[in-house]
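Trainee: I have a new model open and I'd like to learn how to read it. Could we go through it feature by feature?

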Amino acid sequence: MTATVIDGKAFAARVRAQVAAHVARLRDEHGLVPGLAVVLVGEDPASQVYVRNKGTQTVEAGMQSFEYRLPAETSEADLLALIARLNTDPAVHGILVQLPLPAHLDSDLVINAIDPAKDVDGFHISNVGLLGTGQKAMVPCTPLGCLMMLRDHHGSLAGLNAVVVGRSNIVGKPMVQLLLGDSCTVTIAHSRTKDLGAVCRGADILVAAVGRPEMITGDMIRPGATVIDVGINRVERNGRMCLVGDVDHATAAAVAGAITPVPGGVGPMTIACLLANTLTACCRANGLPEPEGLTA
Ligand code: NDP
């Protein structure tokens with residue numbers, strides 16, 4: 001068997017076009033422009049690239065982008081004061097504080113200072129609780145992107161066996177909640193799981209969010225399963241740096257029914273879902289119907 005490759009880049013372009021069309025309608029019919037504020041503290045090079053991409057794609061979707069680049073030595077009080085200001089700014093519908101923050105800043109405190117209705121990353125403790133209890137939440141972007149691709153590929157996910165490898169707060173745990181919400185039978189695996197191969201082979205849907213290059217190999221995959229590779233790992237190959245996932249693509253694609261590539265799979269969906277969440281937040285804030293197909 002050779003797996004169908006799920007093209008996340010093309011899917012993300014479709015999501016962005018859907019967002020842009022909805023944004024244009026909001027502007028024409030209601031005079032509303034969704035706004036996303038991104039706060040970056042410090043000069044981490046990878047974070048600077050992410051923030052630049054987010055700003056560009058926000059503007060391309062017809063939304064307003066507000067960028068706040070603060071020095072690494074910014075005090076917690078100053079950062080909290082900026083968040084308080086953004087919380088009450090009616091032009092700002094989404095607030096994202098780029099992680100990781102410098103060590104002297106308490107990430108939990110900072111994230112929980114964001115108005116939950118503007119928490120487009122879905123990391124605020126209120127949104128975690130809403131998602132966990134099956135209520136309307138802001139959903140973390142990466143697992144939301146994975147869910148959209150799975151729904152697109154399978155239609156209904158009800159009754160499928162899903163295994164999520166990784167239990168982080170930003171990917172693994174919310175992914176589990178979303179799959180449960182779509183009535184999968186879900187197993188969550190982590191570094192202490194016994195016989196990971198056997199657990200993974202039980203999966204109709206296997207989501208790998210581990211951060212270990214090519215750890216999931218073809219012999220760990222049930223024939224015909226759908227494999228979502230969240231991992232982004234930089235490795236050296238033949239003297240040059242390249243990106244690989246948590247799944248060994250070559251051996252996995254020989255067994256799986258469908259698989260996301262790295263790069264070009266989950267990665268592009270993450271920013272597309274950030275735009276979708278900003279649009280959703282704007283609609284909710286104004287009592288308007290939410291965009292169809294762009295929420296959990
Ligand atoms: P974390 O490091 O926070 O979590 C990794 C998880 O993997 C932990 O739960 C850990 O278990 C588990 N794990 C580690 N080693 C093993 C092992 N040998 N067997 C089974 N489980 C193991 O990572 P994140 O969730 O933040 O990210 C995971 C990957 O996804 C990374 O490659 C990251 O770069 C990528 N990522 C990609 C995004 C995108 O946009 N595509 C967005 C976010 C992340 P334990 O809890 O027991 O330690």
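Mentor: Sure. Start with one idea: a polar contact is a pair of N or O atoms within 3.5 Å. Keep in mind that this is a predicted model.

Trainee: Okay, what does I232 offer to the ligand, backbone or side chain?

Mentor: Backbone: one of the N or O atoms there sits 3.1 Å from a ligand oxygen. With the cut-off at 3.5 Å, that pair counts as a polar contact.

Trainee: And which side chains have polar atoms by a ligand oxygen?

Mentor: Take R167, where a side-chain N or O atom is 2.7 Å from an oxygen of the ligand. T270 also takes part, with a polar side-chain atom 2.8 Å from a ligand oxygen.

Trainee: How many residues are around the ligand, and which come nearest?

Mentor: There are 22 around the ligand, and the nearest are R167, S168, S191, R212 and T270.

Trainee: Let's do the sheet. In what order do the strands of the open three-stranded sheet run?

Mentor: For a sheet, read the spatial order and then the pairing sense. Here the order is β3-β2-β4, and the pairing is parallel. β3 (64-70) and β4 (94-97) are the edge strands, each pairing on one side only. From one strand to the next, the twist averages 15°.

Trainee: How many bridges does β2 make with each partner?

Mentor: Strand β2, residues 35-41, has four parallel bridges with β4 and seven with β3. If you want residues to click on, V39 stands opposite V97 in β4, while L40 has R69 in β3 as its bridge partner.

Trainee: Where do the helices go?

Mentor: For a helix on a sheet, check what is touched and then the angle. Helix α2 (residues 45-60) packs on the sheet, touching β2, β3 and β4, and its direction makes about 160° with that of β3. Helix α3 (residues 76-88) lies across β2, β3 and β4 too, running at about 180° to β2.

Trainee: What handedness does the β-α-β unit of β2, α2 and β3 have?

Mentor: That unit is right-handed.

Trainee: One last residue: is D182 buried or exposed?

Mentor: For burial, compare the relative accessible area with the cut-off: under 20% means buried. D182 has 17%, so D182 is buried. You'll find D182 in the loop between α7 (172-181) and β6 (185-189).

Trainee: Which residues is D182 in contact with, leaving aside neighbours within four places in sequence?

Mentor: L147, R151, L157 and A158.

Terms used:
Residues numbered from 1 in each chain as written. Predicted model: local features only at pLDDT ≥ 70, side-chain atom pairs only at ≥ 80, totals over all residues. Heavy atoms only, no water. Pairing = 2+ DSSP bridges. Helix = DSSP H or I, 4+ residues; strand = E, 2+ residues; numbered from the N terminus. Axes fitted to C-alpha atoms, helices over the stretch in contact; angles between N-to-C directions. Contact = heavy atoms within 4.5 Å. Right-handed = clockwise from strand over helix to strand, strands pointing away. Buried < 20%, exposed > 50% of the residue type's maximum accessible area, 1.4 Å probe, protein only. Near = heavy atom within 4 Å. Polar contact = N/O pair within 3.5 Å; in protein donor to acceptor, adjacent residues only side chain to side chain.
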